[in-house]
Amino acid sequence: MEVEKITPYGGEGADKAGQVRDMFDAIAPAYDFMNRCMTLGMDRSWRRKAVRLLGPASEYPRVLDVATGTGDIALELVRTNGTPAVTGIDLSEGMLEVGRRKVAEAALPADITLRTGDCLDLDLPDASFDGVICAYGVRNFADIPRGLRSMWRVLRPGGRVVILELSTPASPLVKPFYDLYTRAVIPTLGRMVSKDVRAYSYLPESIAAVPQRTGM
């Protein structure tokens with residue numbers, strides 16, 4: 001099944017964007033903890049690598065963080081690259097509230113703005129960013145090509161886009177353990193921690209359905 005047709009709470013013809021927003025609003029308090037658990041703590045190093053791939057702040061001083069969530073990438077841009085101006089957008093106000101608290105507590109010397117926004121229809125001027133980054137968000141788009149076009153529109157000529165996304169392991173030795181972990185362990189832990197019965201079944205399903213590696 002195409003990833004755009006997979007929704008958190010099901011329903012044929014359902015509004016995926018609305019369901020994704022509601023899901024992340026519901027799990028926002030537990031999201032950071034569950035993210036560490038789902039990736040066995042590797043999400044931190046993956047984010048640092050993605051930020052380094054974007055390039056130095058001298059070349060990419062204005063960066064848009066699409067699907068910013070709780071602001072981890074926005075904060076990493078400043079800590080790793082010294083990016084002076086980051087705008088993060090996300091559908092979920094619940095996630096953004098967590099992110100704004102983290103930004104305030106970090107007190108970093110940068111202009112970090114986290115705001116509500118639709119990744120598919122960015123309310124931002126053309127060519128207004130030097131770099132665009134999206135971490136763990138593309139599989140939640142209701143229309144991936146439209147989301148990518150929207151990101152391209154706000155990028156200046158010669159700018160850079162970096163997309164970080166999860167995928168299923170290719171190794172036949174690793175995949176059975178991954179399947180057990182994502183289909184049994186993560187949903188059970190998610191229900192216990194976040195109290196959302198469906199969210200942590202949707203996330204592994206969307207990872208499996210999103211274009212894998214070079215298929216993006």
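Begin by selecting helix α1: four residues from α1 form the largest share of the lining of the second largest cavity. The model on display is a predicted one, and the tour proceeds from this cavity to its larger counterpart, then to the sheet, and finally to a pocket.

**The second largest cavity**

Select Phe-24, Tyr-31, Asn-35, Met-38, Tyr-136, Arg-139, Leu-166 and Leu-203, the residues that line the second largest cavity. The space they line has a volume of about 50 Å³. By class, the lining comprises six nonpolar residues, one polar residue and one charged residue.

**The largest cavity**

How many cavities of 30 Å³ or more does a search of the whole structure find? The search returns two. The largest cavity holds about 340 Å³ of space. Its lining consists of 25 residues, of which Ala-67, Gly-69, Asp-90, Tyr-136 and Gly-137 are the closest to the centre. Select these five and centre the view on them. Tyr-136 deserves a label of its own, since this residue appears in the lining of the largest cavity and also in that of the second largest.

Next, colour α1 (16–38) and α3 (72–81), each of which supplies at least two residues of the lining of the largest cavity. Which helix gives the most to this lining? It is α1, with five residues. If the lining is coloured by class, 14 residues appear as nonpolar, six as polar and five as charged.

**The sheet**

Hide the side chains and display the strands as ribbons. An open sheet of five strands, paired in parallel, follows the order β3-β2-β1-β4-β5. Its edge strands are β3 (111–116) and β5, each pairing on one side only. From one strand to the next, the twist averages 20 degrees.

Start the walk across the sheet at the β3 edge. Strand β2, residues 85–90, is joined to β3 by six bridges in the parallel sense. To locate this pairing, select Ala-85, whose bridge partner in β3 is Asp-111. At the other end of β2 (residues 85–90) lies Asp-90, already encountered among the residues closest to the centre of the largest cavity.

Move on to β4, residues 129–135. Is this strand mostly covered or mostly uncovered? Strand β4 is mostly covered, as seven of its seven residues are buried. On one pairing, β4 meets β1 (residues 62–66) over four parallel bridges; select Asp-65 and find Ile-133 of β4 opposite. On another, six bridges join β4 to the parallel strand β5, residues 155–164. Here Val-132 stands opposite Val-161 in β5. To follow the connection between these two strands, trace the chain from β4 through helix α5 (residues 144–153) to β5: this β-α-β crossover is right-handed.

**The largest pocket**

The final stop is the largest pocket, with a volume of about 360 Å³. Among the 14 residues of its lining, Met-42, Trp-46, Leu-166, Ser-167 and Tyr-178 are the closest to the centre. Select these five together with helix α6 (residues 175–194), which gives the most to the lining of the pocket, with four residues. Ten of the lining residues are nonpolar, three are polar and one is charged.

Keep Leu-166 selected to close the tour. This residue is one of those closest to the centre of the largest pocket, and Leu-166 also lines the second largest cavity, where the tour began.

Conventions: Residues are numbered from 1 along each chain as its sequence is written. This is a predicted model: local features need pLDDT of at least 70, side-chain atom pairs count only at pLDDT 80 or more; totals for chains, interfaces and linings use all residues. Side-chain values use heavy atoms; hydrogens and water are left out. On a 1 Å grid over the protein atoms alone, a cavity is a set of points where a 1.4 Å probe fits but cannot get out, and a pocket is an open set with protein on both sides within 12 Å along at least five of seven lines; lining residues have an atom within 4 Å of a point. Grid points are joined across faces, edges and corners, and a volume is the space filled by probe spheres set on the points. Ala, Val, Leu, Ile, Met, Phe, Trp, Tyr, Cys and Pro count as nonpolar, Asp, Glu, Lys and Arg as charged, and the others, Gly among them, as polar. Buried means under 20% relative accessible area, exposed over 50%, partly exposed in between (1.4 Å probe, protein chains only). Two strands pair if DSSP finds at least two bridges between them. A crossover is right-handed if, with the strands pointing away from the viewer, the path from the first strand over the helix to the second runs clockwise. Axes are lines fitted to C-alpha atoms, for helices over the stretch in contact, and angles run from 0 to 180 degrees between N-to-C directions.
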